[in-house]
Amino acid sequence: MSSVIIPLVATQEESVEMKQRIDVLTSNVLSVGEECISESELRSLIKRKVVIDNGKFNLYDGFEPSGRMHIAQGVFKAFNVNKCTDSGGTFIFWVADWFALMNDKMGGDLDKIKVVGEYLIEVWTAAGMKLDNGRVVFKWASDEITNNASTYWPKMLDIARRFNITRIKKCCQIMGRLEGNLTSAQVLYPLMQCTDVFFLKADVCQLGVDQRKVNMLAREYCEAAKIKFKPVILSHHMLYGLKAGQEKMSKSDPDSAIFMEDSAEDVERKINAAYCPRTSTSTSTSTSTAQTPTNPDADADADTDDDAGKESMHLVEDDLKNPCLDYIENIIFCPPDSTFTANNKTYTKFANVKADFVSSALSESDLKASLIVALNLLLDPVRTHFATGRPQELLEKVREYKKMDVPINRQFRRLDAVNEGVVPANSHLVFLPNPTSNPSLGLAIDVLNQLQAAPQTATGGPVLFLSDWGATVQNACHSDAKGVAAAFALLIGMLKTIAPTFMDTVKIVKQSEAILKDPSNYWISVINAGRFFPLNETQEGVADSDPVGTVIARLMCVADAIALAPHSVASVDGRNSSEIECSLIEKFYNQETVPLSTPVFVAVGNCNELTLQDLESEVHATENARYYLLDDPKVHGKTKIKKSFCEPGNVAFAPIISLAATFVLSTANGGSGKLSIVRTEENGGNCDYDSEASIRSDFQSEKLHPGDLKEAMTKVMVDLFTRWAGAVKANKELTAASKCLKQLNKKASKKK
């Protein structure tokens, strides 16, 4: 069929012609797949993009440059691609060199992986793929992702935040891994592959049946993200391995498949030794008959707990599982108008070959002898192509790689934030916690305490790190980028209001901006962290039913710490997420392969959000009344003190004393260092306190009355929120940030 698309005139007379043409093009594309989800969507796609708009639609397949190419990937794929491009499609091959790196292919050596990728392209050239019509495009993942990092990675993070760990684990079949043996990097794999679909603007995912689960993930993402047109899934057949019981060919077992550069002798030896049953055996595994589900987006295995890697690679019921017949049907009969000659009889349909073989009209020896001849006829042009020049050089290198027991070369790579001018050397690192749409004053104090805990040996000074992408992937502020930025702005604004002089010494770094200084090395460091940690370690405290975004954010946190190479890292006692992140950072740093000094870890006390009320004992207490929030009006400086818990003699839970220690006695926080109590002589007279211990002692003995303490602290808190209100009003960014969070909360409340 010609690849030249002739536009149709939209007249009533030609509507029949249009329908016929759509049917023909759709049929051609459908012929390459064992399953299509869904045929009606494919037909609509071809009608919309090819016939009416005289345009094109994009199909995509990705391949890992992980070794030699077997015949299904070569001949089968070449002819399938030709069918698609002749029907108006543009076929995009995603050379997944980064994915091969994640799976330790070629020892994790990216240069070797690129050589293998170049070799595979040469194979398709020799196999007859039409590469000169402008409709086949090869894109290298490492280059494309790096050059478009500002769009690729936010999309990946958006996908990650919408799915739980259970759903992502079910995609592990694409790596040939079982769920129980996953590293953290292997959770990244399906997320990145799903991202590829949208990054490449793929209309059709034309991959193998073994990739079905991650392609379904892309369709599910469309529903979650309200994307109108879902990608069509056109899954092609997976050839059996040549040995009994092999659901698919294995590149690690050279005798399980015919490879594109096999010699004639190799083909003869392998086919003659191949499993070739004439009748079904009791060991055959039953598989489902291929059909389009009533709900095309229903994953038949969505409710099972079986490891995806154990599942069958086939959708069509086949009681024989005969690899020789499989080769004849899907390789020999793949080119247009193909025939198969055996025992002096020429077959034009596979069904007749199978019928004669099953009935013993065609012997196993005759079947195999003819298959050997037919395969060698397909492979001869490839052998010739690789006999000289650059193709020969590539083949020799690939063969050498496969012979070698290539050690895993996990080269230490990172974003060097010091060299990039992002941070000073020898700094003290503080990660700003995940923001909320109602940031509290207590959170600001926790951050300030961490910043002020910098050891004197951290000569680079304190660095406040804003993990904006990490926050988004964990659904902070409802994953609203503007909301995250607004929450960060208000927290920093309050820090500057409390301790303006000190905050002038703090370097503030935004994660996304730092990453984009060197995205390639940064994300490779994330991948390497993922390869180092088993999933169960980065998943600590996170259920399978929880979003996978927490795992991704923790890997990014490790990569951030490696990038900044700080002298010290702060954490908060009792804050589980902070402690887990520091533990992961320390463990990763302690590897012999990390050429950096392990930072000092500094833990500070948790101010517990400066809790004002005990909700368990206060019947009418509310979350809003329990803390000081950054959007509190200045009048709340008084009203929240009035309503706060302050039981006479109780120093076990004494929030007003904690406020005094934080905002009055701490000169680092702008306090005077002295709390002045004003009262009548008959109530004890005026007195000053310069230590928290003395306040607690008098309060416990009831020399200091709750009312007098509250009155003193009311003035302090009203003054703080008066200054804060003035700062917000005077700063356009803070004013906009405050409005943004109010709108975000209002929007969220409407959804409840």
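**Exercise 1. Asparagine 426**

Task: Determine whether asparagine 426 is buried, partly exposed or exposed in this predicted model, and describe its backbone and its place in the chain.

Solution.
Step 1. The relative accessibility of asparagine 426 is 26%.
Step 2. Buried residues lie under 20% and exposed residues over 50%, with partly exposed in between.
Step 3. Asparagine 426 therefore counts as partly exposed.
Step 4. Asparagine 426 has a positive phi of about 65°, although it is not a glycine. Most residues other than glycine have a negative phi.
Step 5. Asparagine 426 is placed in the loop that runs between α15 (389-403) and β9.

**Exercise 2. Cysteine 477**

Task: State where cysteine 477 is placed, which sign its phi has, and whether the residue is buried or exposed.

Solution.
Step 1. The loop between α17 (468-473) and α18 (481-498) holds cysteine 477.
Step 2. Its phi is positive, at about 50°, and cysteine 477 is not a glycine.
Step 3. The relative accessible area of cysteine 477 is 5%, so the residue is buried.

**Exercise 3. The peptide bond before serine 38**

Task: Identify the form of the peptide bond from isoleucine 37 to serine 38 and locate serine 38.

Solution.
Step 1. Omega for this bond is near -5°.
Step 2. The bond from isoleucine 37 to serine 38 is cis. Most peptide bonds are trans.
Step 3. Serine 38 is found in the loop between β1 (35-37) and α2 (39-52).

**Exercise 4. The surroundings of histidine 428**

Task: Describe the position of histidine 428, its exposure, and the residues with which it is in contact.

Solution.
Step 1. Histidine 428 belongs to strand β9, which covers residues 428-431.
Step 2. With a relative accessible area of 0%, histidine 428 is buried.
Step 3. A polar atom of the histidine 428 side chain lies 2.9 Å from the backbone oxygen of glutamine 450.
Step 4. When neighbours within four places in sequence are left aside, the contacts of histidine 428 include Gln450, Leu451, Ala453, Ala454 and Pro455. Also among them are Gly461, Pro462, Ser568, Ala570 and Val602.

**Exercise 5. Helix α14 and two partners**

Task: Describe how α14 packs with α11 and how α12 crosses α14.

Solution.
Step 1. Helix α11 (residues 264-272) and helix α14 (residues 364-385) have axes 9 Å apart and pack at an angle of about 150°.
Step 2. Angles over 145 degrees count as roughly antiparallel, and α11 and α14 are therefore roughly antiparallel to each other.
Step 3. The crossing in which α11 passes α14 is right-handed.
Step 4. On the α11 side, the contact is made by Ala264, Val267, Glu268, Ile271 and Asn272. The α14 residues taking part include Lys368, Leu371, Ile372, Leu375 and Arg383.
Step 5. Helix α12 (residues 323-332) crosses α14 at roughly 35°, and the two axes come within 11 Å.
Step 6. The crossing of α12 past α14 is left-handed.
Step 7. Residues of α12 that meet α14 include Cys324, Leu325, Tyr327 and Ile328. On the α14 side, Leu367, Lys368, Leu371 and Ala374 are among the residues met.

**Exercise 6. Three residues within helices**

Task: Place serine 525, glutamate 581 and alanine 661 in their helices, and describe the surroundings of each residue.

Solution.
Step 1. Serine 525 lies in helix α21 (residues 519-532) and counts as buried at 6% relative accessibility.
Step 2. A polar atom of the serine 525 side chain is 2.4 Å from the backbone oxygen of tyrosine 522. Beyond four places in sequence, serine 525 is in contact with Arg413, Arg414 and Ala559.
Step 3. Glutamate 581 is part of helix α24 (residues 576-589). Not counting residues up to four places away in sequence, glutamate 581 touches Arg554 and Cys557.
Step 4. Between glutamate 581 and cysteine 557 there are 7.0 Å from C-alpha to C-alpha, with the two residues 24 apart in sequence.
Step 5. Alanine 661 sits in helix α27 (residues 655-665) and is buried, with a relative accessible area of 17%.
Step 6. Leaving aside neighbours within four places in sequence, alanine 661 is in contact with Ser666 and Glu692.

**Exercise 7. The chain as a whole**

Task: Report the secondary structure of the chain and the share of its residues that count as buried.

Solution.
Step 1. The chain has 30 helices and 15 strands.
Step 2. Of its 752 residues, 55% count as buried.

Note on methods. Residues numbered from 1 in each chain as written. Predicted model: local features only at pLDDT ≥ 70, side-chain atom pairs only at ≥ 80, totals over all residues. Heavy atoms only, no water. Helix = DSSP H or I, 4+ residues; strand = E, 2+ residues; numbered from the N terminus. Buried < 20%, exposed > 50% of the residue type's maximum accessible area, 1.4 Å probe, protein only. Polar contact = N/O pair within 3.5 Å; in protein donor to acceptor, adjacent residues only side chain to side chain. Contact = heavy atoms within 4.5 Å. Axes fitted to C-alpha atoms, helices over the stretch in contact; angles between N-to-C directions. Parallel < 35°, antiparallel > 145°, perpendicular 65-115°, else oblique. Left-handed = near helix turned anticlockwise from the far one by under 90°.
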